[in-house]
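The following report describes the folded chain by its sheets, then by its helices, and finally by the contacts between charged side chains. Please keep the sequence and the structure in view while reading.

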Amino acid sequence: METVRAAERELMARLPEGALMQRAAAGLAAACADVLGRVYGSRVVLLVGSGDNGGDALYAGARLARRGAGVWAVLLAPGRAHAGGLAALRRAGGSVVSDAGGAVELVEQADLVVDGIVGIGGKGGLRENAVPLAEAARLGRGVVVAVDLPSGVDADTGEVRGAAVRADVTVTFGAYKPGLLIDPAREYAGVVRFVGIGLETVGVRAPEAEALQHADVARLLPVPGAESDKYRRGVVGVAAGSARYPGAAVLAVGGALRGGAGAVRYVGPAGGAVLARYPETLVSERGPARAGRVQAWVVGPGAGDDAATVGEVLAADVPVLIDADGLRLAEVGAVRGRGLRGVPTLMTPHAGEAAALLGVEREEVESGRLAAVRELAARYEAAVLLKGSTTVVAEAGGGGAVRVNPTGTPWLATAGSGDVLSGLGGSLLAAGLSAVDAGSVAAYLHGLAGRFAAEGAPVAAEDVAGRIVEAWRSVVGARV
């Protein structure tokens, strides 16, 4: 969050003293008024810490008090509360409570609770005196609105290392913080409402994380030209499946056929099952090296212990997507060597597979997704798409902004869904996208397809594959 703090310092140097906080407070008060619906006569409790978030809450509370709300500020650090905000609240008729221990009942009965305890510089969970108030807010009848991000979550990493406020709405200022996009912290943020305060005028430096939107994805999608044929559009090879897991091959090919490449070659023991479902597939029994020309390979889904095929694919001088069993069978040196030669590789582990590759517990990966995806990308010199409740994509080497996928649904946690994603990503690689772009776009479309297929009910992986085209159309419709 040093990027955001530096931008704020630069902007504050250009503006009159206190102007930036007033902008934030105005946006926060407007969001609170929207949540309340009727401001006059409502009961609002501010949980105020010692930082600028507390000042934002106090100034916003003053605005609400002037509109007829009853406003109480609970000061968790009475001697260090923002002086100007405190004075403004008192002038507007608000009340101040310095005994945090006696404020629990007040919080439970509030119509709105504003969390201004800790800002983006906070580390670790809530301090002991704030925990009862956070719990009262969670159990109370009122809506909980967090200032910038919920107190107790890590703004940089999305980690939650102790007690934290669970917000219904988070009003964030100037830039989205990684902790609002990445689980487990994302669960604590609720609905995120963005308020611009002018940071774009000073140019925010390179972010830690970014999230593509429809228009971004639309610009990246491959579009055939007037003279395109199936080979010019790209051919993706799929080396997947086994006698035990033929379905993985079928699902990977299903994703690949809908991913923008002109043709799909399949190599493996599930050729009969693939042709029965997708007769347009080019099936070969001669192994990857002799299957014919491809512009990218997908290897690993349902591969079992076929290390020879994985090694053969990794020896090819075309982009490769490695998934599932392929991740376990791929030698670190072979993958790194590709990266050092400039041949793109995209790895697509879920948390358990990432933990095995890193030699740590799964819980460590799930609680620190940014760190895990960066470390894998650095260790293997490959782009990495870490699947999960928050899917993140890092470029080879682990530098740059990590892309956080904003689409998806919990219903995507179903057998075979990852096989569809791998085929889709491999097809985009064959169509000419970079490894990071192919992973990001594939995750975005896959997440949309999952939403369209589910509509609030369980889905199978084949349902997701069947809705990729609809997801593609929805994105292209946003092209400008």
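Two strands are treated as paired if DSSP finds at least two bridges between them. The model discussed here is a predicted one.

**The parallel sheet**

Seven strands make up an open sheet with parallel pairing, and their order across it is β3-β2-β1-β4-β5-β6-β7. The edges are taken by β3 (95-97) and β7 (191-195), each of which has a single partner strand, so one side of each is left without a neighbour in the sheet. From one strand to the next, the twist averages 20°.

Within this order, β4 and β5 pair in the parallel sense over four bridges, and Leu112 stands opposite Val143 in β5. Strand β5 is itself mostly covered, since four of its five residues are buried. Further along, β6 and β7 run parallel and are joined by five bridges, with Phe173 standing opposite Val195 in β7. Helix α3 (residues 52-66) lies across β1 (43-48), β2 (70-75), β4 (112-116), β5 and β6, and runs at about 160° to β1.

**The mixed sheet**

A second arrangement of strands has to be described separately. Ten strands form an open sheet of mixed pairing, in the order β8-β17-β16-β15-β14-β13-β12-β9-β10-β11. Here the edge positions belong to β8 and β11 (282-284), and as each has a single partner strand, one side of each is left without a neighbour in the sheet.

Strands β15 (residues 383-386) and β16 (residues 392-394) run antiparallel and are joined by three bridges, and the bridge partner of Val384 in β16 is Ala394. Helix α17 (residues 369-380) packs on this sheet, where it touches β14 (345-347), β15, β16 and β17, and its direction makes about 150° with that of β15.

According to the UniProt record, an unreviewed entry, residues 213-475 are listed as "domain: YjeF C-terminal". In the model, that span is 46% helix and 13% strand, and its end C-alpha atoms lie 9 Å apart.

**Helix α19**

Helix α19 (residues 435-454) has 20 residues and reaches 28 Å from its first C-alpha to its last, which is close to the 28 Å expected at 1.5 Å a residue. The helix is mostly covered, with 18 of its 20 residues buried. It is followed by Glu455, whose phi is positive, near 45°.

**Salt bridges**

A salt bridge is counted here when a side-chain nitrogen of Lys or Arg comes within 4 Å of a carboxyl oxygen of Asp or Glu. By this rule the count comes to 20 salt bridges.

One of these joins the side chains of Lys177 and Asp148, at 2.9 Å from N to O. Lys177 belongs to the loop between β6 (169-173) and α7 (178-181), whereas Asp148 belongs to the loop between β5 (143-147) and β6, so the pair ties together parts that are 29 residues apart in sequence.

Another is formed by the side chains of Arg403 and Glu210, at 3.1 Å from N to O. This pair links distant parts of the chain, 193 residues apart, with Arg403 in strand β17 (residues 402-404) and Glu210 in strand β8 (residues 209-210). These two strands stand next to each other in the order of the mixed sheet.

The side chains of Glu470 and Arg467 also meet in a salt bridge, at 2.5 Å from N to O. In addition, Lys123, Asp154 and Asp156 are linked in a network of salt bridges.

How buried or exposed are the residues of the three separate pairs? The table gives the relative accessible area of each, where under 20% counts as buried and over 50% as exposed.

| Residue | Relative accessible area | Class |
|---|---|---|
| Lys177 | 0% | buried |
| Asp148 | 5% | buried |
| Arg403 | 15% | buried |
| Glu210 | 30% | partly exposed |
| Glu470 | 33% | partly exposed |
| Arg467 | 24% | partly exposed |

Read pair by pair, Lys177 and Asp148 are both buried. Arg403 is buried, whereas its partner Glu210 is partly exposed. Glu470 and Arg467 are both partly exposed.

Technical notes: Residues are numbered from 1 along each chain as its sequence is written. This is a predicted model: local features need pLDDT of at least 70, side-chain atom pairs count only at pLDDT 80 or more; totals for chains, interfaces and linings use all residues. Side-chain values use heavy atoms; hydrogens and water are left out. Buried means under 20% relative accessible area, exposed over 50%, partly exposed in between (1.4 Å probe, protein chains only). Contact means heavy atoms within 4.5 Å. Axes are lines fitted to C-alpha atoms, for helices over the stretch in contact, and angles run from 0 to 180 degrees between N-to-C directions. UniProt positions are given in the numbering used here, feature names are shortened, and annotations may be inferred rather than shown by experiment. The expected span of a helix is 1.5 Å times one less than its number of residues.
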